[in-house]
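Here is a quick tour of one sheet and one enclosed space. Have the structure open while you read.

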Amino acid sequence: MSVLEEPLKTTVGDRTAKAMAEHLDLHTVGDLLHHYPRRYAERGELTRLADLETDEHVTVVAQVEKAAMLGTGRGRRLQVVITDGSGRLTLVFFGRGAYHPQKELLPGRRALFAGKVTVFNGKRQLAHPDYKPLAGQEGAGADAAADEWAGKLLPLYPACRQLASWQLQQAVDTVVDGLEATGWEGVADPLPAALRAERGLVPLREALLKVHRPKTKADLWAARDRLKWDEAFVLQIALARRRHAAGQLPAVPRVAPAEGLLADFDARLPFTLTEGQRRVSADIFADLATDHPMHRLLQGEVGSGKTLVALRAMLAVVDAGGQAAMLAPTEVLAQQHHRSITEMMGELAEAGLLGGAEHGTKVELLTGSSGAAARRRALLDLATGEAGIVVGTHALIEDKVQFHDLGLVVVDEQHRFGVEQRDALRAKGNRGDDKRTPHLLVMTATPIPRTVAMTVFGDLETSVLDQLPAGRSPIASHVVPAADKPHFLSRAWERVREEVEGGHQAYVVCPRIGDSAEEAEAKGGKTGKGSGKGAAEAPSPEDEAEKRPPLAVLDVAAQLSAAPGAPLAGLRVEVLHGRMQPDAKDDVMRRFAAGDVDVLVATTVIEVGVNVPNATGMVIMDADRFGVSQLHQLRGRVGRGAAAGLCLLVTEMPEGTPARTRLDAVAATQDGFRLSRIDLEQRREGDVLGQAQSGARSSLKMLAVIDDEDVIAEARDAAAAIVAQDPELTAYPELRGALASLLDDEREQFLDKG
């Protein structure tokens, strides 16, 4: 067993090891060594007390002149006055932090002190400074100790209530001291020596030493360069092996004939495909024609025509004798996809019916709320092959659902699905002893930066639709500061009324439903983030906005239309949310699409797939409660026809706050790729191997996928070259070991099933 795999209890003791395992998910020596400092405190240059400047990090050598414990109860504090002959400085320690200094900082004692100079009641002070007694050290010895101590970078570790940063540093020091004593015996370097030399990277043991005990900032940069590369490279090795394994699986080639369903469909299209749609379709058709399964990610802007591209792929598979299944995350979206597909296909979707086309097929819908008769018909048509296309929700995964010859699985909004769900549907293509795998097309309307696509979806070939079809109109977006300028909100409702009077329709989006079930769930929970400030300090407007419960669909709809003087009184206002019965939701959407509803007050259930070209206006209430990408998705529901779109982002957040800045960014651009970078920079990337689905911590500790684009791209190329020569990594046992430690059972399953 590698020394890095040894359990921590053998090094730091049972009690500390238990706390590390339970609260920081650290179990082995390797886990602790890869628990890197989140930042480093700089003690600063040695400074005379007379030369101190406010807000500077300083280190001073001085003697304690006097010390006294002041106050009572929770307000107790230790106040120490020090001098170096050139001036005086006050030190203050609060609460339990005063216990050790009270014993050690006695009048006459000499010590090193380090901290940030602040001013309180007109006097300079250091609050809770680091210090090191210099008892017994005089002259040159004291000067040398002071110089060494002053220039040191102090690691500050991600900690928890049970384990402070200094306790983690002690544990790391214990581990590092032990490894230093043995010359780091048993710590294998996973990077091939040639690759390390080519990139000028330090050995692993040197990187680990320097990241925990940097003597200079140059040490720190060298350590970070190496550790970032390790994370990127080992991850890309895992994804390269995944791509290689997928290429070895058997699949049925699906080549559409020159004359058939796809050709008939293309002939009836009332518009010309964009260049991007033609290019992406050509890539997909080439993949479908091979004897190993396609693994392709199709991403693009809202409204770029991904559904049309996916439908053409499904028609090609049906033409070639197979079936296609589209998996949607919600019933509303599944119904919307089914409706738009059957409308686009017309008589081509009516095989077997009077008036159905010669090359037609059946397009079935299967959801949890499908009636018994419709369900029986759909199951029979899928089993016999009568239905070439089925659109559905999780209901498609049930054991009763059997396909005659499933050739293509299309997963829409893949981030809404667990890995097992996608895997279960693809497994339905394995008929008896025939273990051929269906082709896979994953779609997302959330633009993904190139680095994220290389990291999160590194096992998929990526296609991007970055053109909007002809006829799509621009969307004007504005932030409405409801708290600062209430009349702006009044004007927003006037604009909604103007859109309706102009023959159009509008959405109003709220973060919450506001029904009794939701209220019951929220009881006992938090109503906001809180300010984190003391009770005596007045809360800021930002704190107040955060503490208020999010606005709810049912409340807002009533306020807008119920009373005679309400802002939208007289307009046809309806609500739509996820807790409505499926039939009721479908009825509301049908009437809205038909123009029988003027304003739809909804939750984010309309976020994807809803296509009503006549809807031109959108007001998003409490817009600061939504993420950047989600706001972009919602905004994409308007401006889908010839008339220009309008999106108003209502917030009570003051100007200059991070939330307001985020909204300003959304209003300033319609470039989804730019917005996705902003979104990722703010919330980081989660666990790129899939544990983010369960809310677990990120597997990336040093690498940032947005900032380290070059590292990721180079690591991907290097990993692909190694795996192409040696897929099993037979010649790289150390790399294989690093891969095993990165891929625990849960992550291994994620990659196996992704």
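## A parallel sheet and a small void

In this predicted model, β11 and strand β12 (residues 387-392) are joined by five bridges and run in the parallel sense. If you want a spot to look at, take Glu364, whose bridge partner in β12 is Val390.

Zoom out and that pair belongs to an open sheet of seven strands, paired in parallel and ordered β11-β12-β10-β13-β14-β9-β15. Because β11 (362-366) and β15 (461-465) stand at the edges and have a single partner strand each, one side of each is left without a neighbour in the sheet. On average, neighbouring strands here are turned by 20° against each other, direction ignored.

What lies across β9, β13, β14 and β15? That's helix α11 (residues 275-288), which runs at about 155° to β15. Here are the strands it crosses, apart from β15:

| Strand | Residues |
|---|---|
| β9 | 295-300 |
| β13 | 406-412 |
| β14 | 439-444 |

Now for the empty space. The model has two cavities of 30 Å³ or more, and the second largest has a volume of about 30 Å³. Its lining is made up of Val332, Gln335, Gln336, Arg339, Lys585, Asp586 and Met589. Both α13 (331-345) and α21 (582-593) supply at least two residues of that lining, with α13 giving the most, at four residues.

How do the lining residues of this second largest cavity divide into nonpolar, polar and charged? There are two nonpolar, two polar and three charged residues.

How values were computed:
Residues numbered from 1 in each chain as written. Predicted model: local features only at pLDDT ≥ 70, side-chain atom pairs only at ≥ 80, totals over all residues. Heavy atoms only, no water. Pairing = 2+ DSSP bridges. Axes fitted to C-alpha atoms, helices over the stretch in contact; angles between N-to-C directions. Contact = heavy atoms within 4.5 Å. 1 Å grid on protein atoms, 1.4 Å probe; cavity = no way out; pocket = protein on both sides within 12 Å on 5 of 7 lines; lining within 4 Å. Points joined across faces, edges and corners; volume = space filled by probe spheres on them. Nonpolar A, V, L, I, M, F, W, Y, C, P; charged D, E, K, R; others polar.
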